[in-house]
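Student: I have a new model open and would like to go through it with you. Could we take it one feature at a time?

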Amino acid sequence: MTAVGDGTAGRRFAVVLWSALAVEVVGLSGAFALADTTVLVPEYEGTFAKECAVLLGLALAVLPVVVAVLALRLPRNTTALWRAAASWILALALLIVLGAAGSGPWVGWCVVAMVASCVATVICADHRADLPSGPSRVVAAVALAALVVAACGSCAGPYTDYPGVWTAPHDAASLTLTEETQPGRGGQYTLRIGTCTERGKWVFDYPQMSTSVQMWLHGDNVNACLPGRPDVQIRIVGGDRRAPVIALYGLHLTKQ
């Protein structure tokens, strides 16, 4: 009777683990389908993405402790160890995507995947060592694949080179930036707005105080086309790597 009872409990537990795996796969599929890692400036103006990063960071910090405790309590509980390792890898993968894609609707799918993974880890920790480990091995492989996909999709970086020609719609304005003369020294720029032409020097903003790369236009004060101070700060505000967009006094210029 005991063996029969153990077998029934094992089958029920396997159903729970496979169900958790299915939820994780659905969550990861939604996250990777909606996450746009080609954006040039992740949206970090609010606190939502930062809070998500903190939560994932805490998961990365806590899960190794969980693995160590499980190893001491139940040395043969390989199911729990597989699940804890998978949760750690999954949190790392999603943290990488968060850094490249910023906040957005995809984060909700991340929450679904992480909650299912962590719940499965906790459930495994409270059961005996003879429970099925197949689903947990599979979910570890899925988490590792997610980490590879996240790393490959984000390694190119979210930014692009500034030097080149940027133009506004209908040829209302253009900004030409030369290559840097030396690393960190910047180059020359030519700005045309309507019939006005302005020239000067551009440099990167050091130190970088935000996620978006910013730069300064230092005009020569001879033919200023921009109102206010001769020094103007600009940054990439949208687009993708092939056609980034910068904002300049209400104008949106796209790199050609």
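Tutor: Happily! Let's begin with a cysteine: Cys-152 is exposed, with a relative accessible area of 56%. Exposed means over 50% relative accessible area, buried under 20%, and partly exposed in between, with a 1.4 Å probe and protein chains only. Before going on, note that this is a predicted model, in which local features need pLDDT of at least 70 and side-chain atom pairs count only at pLDDT 80 or more, while totals for chains, interfaces and linings use all residues. Residues are numbered from 1 along each chain as its sequence is written, and side-chain values use heavy atoms, with hydrogens and water left out.

Student: Is Cys-124 buried or exposed?

Tutor: The cut-off for burial is under 20% relative accessible area. Cys-124 has a relative accessibility of 1%, so this residue counts as buried.

Student: How many disulfides does a search of the whole structure find?

Tutor: A disulfide is a pair of cysteine sulfur atoms within 2.5 Å. With that criterion applied to the whole structure, the number of disulfides found is zero.

Student: Which residues touch the most other members of the largest nonpolar core?

Tutor: A nonpolar core is a set of buried Ala, Val, Leu, Ile, Met, Phe, Trp, Tyr and Cys residues joined through side-chain atoms within 4.5 Å. In soluble globular proteins, nonpolar side chains tend to be buried together. The largest such core here has 28 residues, and those touching the most other members are Leu-90, Leu-94, Trp-106 and Met-114.

Student: Which helix gives the most to this core?

Tutor: Helices are DSSP runs (H or I, at least four residues) and strands are runs of E (at least two), numbered from the N terminus. At least two core residues come from each of α1 (2–34), α2 (48–73), α3 (78–101), α4 (106–125) and α5 (134–154). The top contributor, with nine residues, is α3.

Student: What does Met-114 contact beyond its neighbours within four places in sequence?

Tutor: Contact means heavy atoms within 4.5 Å. Met-114 is one of the buried residues of α4. Its contacts, with those neighbours left aside, are Leu-56, Ala-59, Ser-87, Leu-90, Ala-91 and Leu-94.

Student: How far does α4 reach from its first C-alpha to its last?

Tutor: The expected span of a helix is 1.5 Å times one less than its number of residues. For the 20 residues of α4 that gives 28 Å, and the model comes close to this with 29 Å.

Student: How far apart in space are Ala-125 and Asn-77?

Tutor: Ala-125 is found in helix α4 and is buried, with a relative accessible area of 12%. In sequence, 48 residues separate Ala-125 from Asn-77, but from C-alpha to C-alpha the separation is 7.8 Å.

Student: Now to the strands. Which residue is the bridge partner of Val-165 in β2?

Tutor: Two strands pair if DSSP finds at least two bridges between them. β1 and β2 run antiparallel and are joined by four bridges. One pairing sets Gly-164 opposite Leu-177, and the β2 partner of Val-165 is Thr-176.

Student: In the hairpin of β1 and β2, what phi does His-170 take?

Tutor: Most residues other than glycine have a negative phi. His-170 lies in the loop between β1 (164–167) and β2 (173–177), and is exposed at 83% relative accessibility. Asp-171, in the loop between β1 and β2, has a positive phi of about 60° although it is not a glycine. In this hairpin, with five residues between the strands, the phi of His-170 is positive too, near 60°.

Student: Which residue in β8 stands opposite Trp-166?

Tutor: β1 also runs antiparallel to β8 (residues 251–255), with two bridges joining them. Trp-166 is included in a second, separate core of 19 residues. Opposite Trp-166 in β8 stands Lys-255.

Student: Why is β2 largely enclosed by the rest of the structure?

Tutor: Five bridges join β2 to β3 (residues 187–193), which runs antiparallel to it. Ser-174 lies in β2 and is buried at 13% relative accessibility, touching residues that include Trp-166, Leu-191 and Leu-253. β2 is largely enclosed because, of its five residues, the number buried is four.
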